[in-house]
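This briefing introduces a single protein model to a reader who has not met it before. Please keep the sequence and the structure in view while reading.

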Amino acid sequence: MQANQIFNPSGNDNPQERTIIKGNTTGLFNLNSTKYGWAKSLYTIMIGNFRVPEKVSGLNEDSIQYKELTDNERRAYDGILSFLIFLDSIQTVNLPNFSDYITAPEVSLLLAIQTYQEAIHSQSYATILESVVESSKRDDIYYFRRDNPILLERNQYIGQIYQNFMDNPNDDNFFKGLIWNFLLEGLYFYNGFAFFDTLADHQKMKATDRMINYIRRDELTHVTMFTYIIKEIQKEFPQIFDKKVVYDMFQNAVEQEIKRSQFILGNNIIWINHQTTEIYTKWLANNRLSLIGLEPLYPDITENPYKHLERLQDNNSEKSNFFESTVTNYTQSSSMKGNRDF
């Protein structure tokens, strides 16, 4: 694969001849002339999600409650934040490299917004730590993986997938990087999100959960974007789409996520144990596979074990599934309350 030129005067911006990758674009961003209507709609949603982390209220109260958490809850709080910080950090660094090979300008714009949002997520976690955790402990959370071989192994594996594409940007490594983006955005965050929702449901660390809700709102748009990109690749470049690679990567990711989450969350947090962690991770994997038109990897797993997340879903019972509705419908119902069941 060849990275895009900064400016290609001989390029062709005709939307009818545009492809998601391997195209011949000039580099001009013209949102009045697009091929992928979903990208233009998603652009509006992502722009509308702008926020300032420092404006989230209540973190001072969380700093008091943090000291009152059980040892297991506090350990999970710290460990999950450490992993989430890593995920958003590596996305901020990686996404521009990935975007260099996208030849649909309207999709490149989305990746640019996502890169910015990942940076805002890092700022959000920094705001949480500065407000909730005493300064002497913050570095321990940022660098938790230094003393934890399970997290270090996981982080190295994730980083290597992206590094392989940077070192050798061929079709195979691009597709693996694409699926890994999808897994990172659609699977890896969510055991952590469920933990913070569980605390909030018990009237603990509610401001932290409010910040997480903003982050999740962004992540849902990222999952949707990669869902569309994968589908366009499957349609336009079926020779690149490899179902076996998808299933192998999903199975590996699920096994790693179960191992990491069970280690961090343990067995002693209300509503969360080793069994629910495994079922929830497999349920998420099935859900994400269905988004790209594939059969479940774990057909015996059909329900979300965390029923309390459904209760938290939406006070008005507007349970519109974002992935089964149009982008326009999501615009009308994208309040933070409606996004917990993913």
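The points below cover a helix, the salt bridges, the largest pocket and the largest cavity.

The model is predicted. Across the whole structure, a search finds 13 salt bridges and 1 cavity of 30 Å³ or more. Helix 3 recurs in several of the topics: Glu73, a partner in one salt bridge, lies in helix 3, and helix 3 also supplies at least two residues of the lining of the largest pocket.

**Helix 3**

- Helix 3 runs over residues 71-99 and has 29 residues.
- From its first C-alpha to its last, helix 3 reaches 42 Å, which is close to the 42 Å expected at 1.5 Å a residue.
- Helix 3 has a kink of about 30 degrees at Val93, shortly before the proline Pro96.
- Most of helix 3 is covered, with 21 of its 29 residues buried.

**Salt bridges between distant parts of the chain**

- Side chains of opposite charge can pair when their charged atoms come close.
- One of the salt bridges joins the side chains of Lys204 and Glu73, at 3.0 Å from N to O.
- Lys204 belongs to the loop between helix 8 (190-201) and helix 9 (206-236), whereas Glu73 belongs to helix 3, so this pair ties together parts that are 131 residues apart in sequence.
- The two partners are covered to unlike degrees: Lys204 is partly exposed, with a relative accessible area of 26%, while Glu73 is buried, with a relative accessible area of 7%.
- Another salt bridge is formed by Lys137 with Asp78, whose closest N and O atoms are 2.8 Å apart.
- This pair also links distant parts of the chain, since Lys137 lies in helix 5 (residues 135-142) and Asp78 in helix 3, 59 residues apart.
- Lys137 is partly exposed, with a relative accessible area of 23%, and Asp78 is buried, with a relative accessible area of 10%.

**A salt bridge within one helix**

- Arg260 forms a salt bridge with Glu257, and the closest N and O atoms are 2.9 Å apart.
- Both residues lie in helix 10 (residues 243-265), where Arg260 and Glu257 are 3 residues apart, about one turn of the helix.
- An α-helix has 3.6 residues a turn, so residues three or four places apart point the same way.
- Arg260 and Glu257 are both buried.

**The largest pocket**

- The volume of the largest pocket is about 330 Å³.
- The lining of this pocket comprises 17 residues, of which Asn4, Phe29, Ser99, Asp100 and Ser108 are the closest to its centre.
- Helix 3 and helix 4 (105-132) each supply at least two residues of the lining.
- Helix 4 gives the most to the lining of the largest pocket, with 6 residues.
- By class, the lining of the largest pocket has 9 nonpolar, 7 polar and 1 charged residues.

**The largest cavity**

- Rolling a probe the size of a water molecule over the atoms shows where empty space is left.
- The largest cavity holds about 50 Å³ of space.
- Its lining is formed by Asn12, Asp13, Asn14, Glu17, Arg18, Thr19, Gly23, Asn24, Thr25 and Thr103.
- Sorted by class, the lining of the largest cavity has no nonpolar residues, 7 polar residues and 3 charged residues.

Conventions
Residues numbered from 1 in each chain as written. Predicted model: local features only at pLDDT ≥ 70, side-chain atom pairs only at ≥ 80, totals over all residues. Heavy atoms only, no water. 1 Å grid on protein atoms, 1.4 Å probe; cavity = no way out; pocket = protein on both sides within 12 Å on 5 of 7 lines; lining within 4 Å. Points joined across faces, edges and corners; volume = space filled by probe spheres on them. Nonpolar A, V, L, I, M, F, W, Y, C, P; charged D, E, K, R; others polar. Salt bridge = Lys/Arg side-chain N within 4 Å of Asp/Glu carboxyl O. Helix = DSSP H or I, 4+ residues; strand = E, 2+ residues; numbered from the N terminus. Buried < 20%, exposed > 50% of the residue type's maximum accessible area, 1.4 Å probe, protein only. Expected span 1.5 Å × (residues − 1). Bend = angle between axes of the 7 residues up to and from the residue.
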